[in-house]
Amino acid sequence: GRLEAVTQQMGYHPQYLDSFLKTQHYLMHMDGPLPFDCRHYIAIMAAARHQCRYLVNLHVLQFLRAGGDPQWLRGLDFIPPKLRNLNEINKILAHRPWLITKEHIEKLLKISEWSWSLAELVHAVVLLAHCHALASFVFGCGCEQDEGPGGRGLLKPLSPGNQCFCEATTSNGCSQELLRINRKRSLDSCMELDSLRERMQRIHVEAEGREETRLLQQEREEGEGQGAELNITDPPVGLSPLTDSDGEVTGATNLACYMQDPDFGYQDFARRDEDQTQVFRVQDYSWEDHGFSLVNRLYSDIGHLLDEKFRMVDGLQGSAIAKRQGCEPSVFKRGIWNYIHCMFGIRYDDYDYAEVNQLLERILKVYIKTVTCYPEKTNSEMFDRFWKQFKHSEKVHVNLLILEARMQAELLYALQAITQYMI
């Protein structure tokens, strides 16, 4: 399966992996407000904001398996307006979630025949936050390899020592049923790969035919004569995915076709010249007291799965990390969590933020900020450099904290805006 690299890394913490896979399976494959092909396309849009080819390639394949229209893979100009209207909230959530307002929500819910329902929008928001945060984990743990010379974002999973992933998870108590399901999915993927290749090759041939016809028609209309040279060997710009000469499935060749305003990115929230009244105070709106009940009411059971995942990462054993820093595990983890939320303008009145500088050395703070705010700038050297004396599993632990803290931050802003709209 194409998610192998991610599951290998999370396999260092099998209890969390179990919770993560249950949540992802529910989001993508179980009954819900959104059609299955739309779910994967939304995931493509979210991953593209961070140029994450790993996730884009994964969801392109699953989009086709779900019966999605291949023409949508040419970019946002080829999808229904309803989906395209999600682009603005996707962009803001990915980079500056504090800018989300009830007006953004109202716009999506009241656009004539292209309007979203509240349940659909909540499903979409959870998908966007999930994939943005997962992109941070993918880059943070080195699951994303630099693009090859052929324009293909191939996967290069890091191996968890010399132990097989299945053995690693089994020996640590990961459920046998979950492993059986994952093995079956991998087998299904292999069995369907040939038919996918055939289908994608047919798409390629048909696209070439259409392009050739269009160019010939254009030539006749413009009366350029017989000297015109037609290049019909290249597919239309943005058509993705295709197959290479060896019949291998290639990835998205042009991620820019899945997003608008590519220059829109993260900006530091805490600026001395800005009005601090816009700070998001958890005491006024929290996941436990507000977000959980809202999301669970509009998208049945997802709140329980998300809450379990948040609690699971908080309960992971981090005694070795904390011991090296000379503090209690809970203190160290809270320092990382609150530092990440602080970068998105979320503050806890009962926390002394001076502790962050005491607990987190500068090189670790740089790493956390990069993976959280602009993960596409993360490289393998950064991962190797921070905490050289720490085990790989401890570094993965930090990346899991980043994943969950970032996802919760995005959800808090989006759900607060939805709440304000409903009031």
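## Rings, charges and a helix

Ring pairs join Trp98, Tyr266, Phe269, Phe344 and Tyr374 into a cluster. Rings of Phe, Tyr and Trp (its six-membered ring) count as a pair if their centres lie within 6.5 Å; planes under 30 degrees apart make the pair stacked, over 60 edge-to-face, and the rest tilted.

A quick note before you start: this is a predicted model, where local features need pLDDT of at least 70 and side-chain atom pairs count only at pLDDT 80 or more, while totals for chains, interfaces and linings use all residues. Residues are numbered from 1 along each chain as its sequence is written, and side-chain values use heavy atoms, with hydrogens and water left out.

**Exercise 1.** Find out how many aromatic pairs the structure holds, then work out why Tyr16 and Phe20 make a stacked pair.

*Solution.*
- Start with the count: there are 15 aromatic pairs.
- Now take the two rings: the centres of Tyr16 and Phe20 are 6.3 Å apart and the planes meet at 25 degrees, so this pair is stacked.
- Next, look at the backbone: both residues belong to helix H2 (residues 14-29), and being 4 residues apart puts about one helical turn between them. Helices here are DSSP runs (H or I, at least four residues), as are strands (E, at least two), numbered from the N terminus.
- Last, check the surroundings: Tyr16 is buried at a relative accessible area of 0%, and Phe20 is buried at 0% too. Buried means under 20% relative accessible area, exposed over 50%, and partly exposed in between (1.4 Å probe, protein chains only).

**Exercise 2.** Say which rings Arg96 and Arg347 sit over.

*Solution.*
- Get the rule first: a charge sits over a ring if NZ of Lys or CZ of Arg is within 6 Å of the ring centre and within 35 degrees of the ring normal.
- For Arg96, the ring is that of Phe264, with the charged end 3.9 Å from the ring centre.
- For Arg347, it's the face of Tyr353, at 4.0 Å from the centre.

**Exercise 3.** Compare the span of helix H4 with what its 13 residues should give, then decide why H4 counts as largely enclosed.

*Solution.*
- The expected span is 1.5 Å times one less than the number of residues.
- For H4 (residues 53-65) that should come to 18 Å, and the end C-alpha atoms are 18 Å apart, which agrees.
- As for burial, 11 of the 13 residues are buried, so the rest of the structure largely encloses H4. Among the buried ones are Tyr54, His59 and Phe63.
- Just past the helix, look at Gly67: its phi is positive, near 85 degrees.

**Exercise 4.** Work out which parts of the chain are tied together by the salt bridge of Glu120 and Lys82, and by that of Lys309 and Glu404.

*Solution.*
- A salt bridge needs a side-chain nitrogen of Lys or Arg within 4 Å of a carboxyl oxygen of Asp or Glu.
- Glu120 and Lys82 make one at 2.9 Å, N to O. Glu120 is in helix H8 (residues 118-140) and Lys82 in helix H5 (residues 81-84), so parts 38 residues apart in sequence get tied together.
- Glu120 is buried at 17% relative accessible area, whereas Lys82 is partly exposed at 22%.
- In the other bridge, the closest N and O atoms of Lys309 and Glu404 are 2.8 Å apart. Helix H12 (residues 302-315) holds Lys309 and helix H18 (residues 392-422) holds Glu404, so this pair ties parts 95 residues apart.
- Lys309 and Glu404 are both buried.
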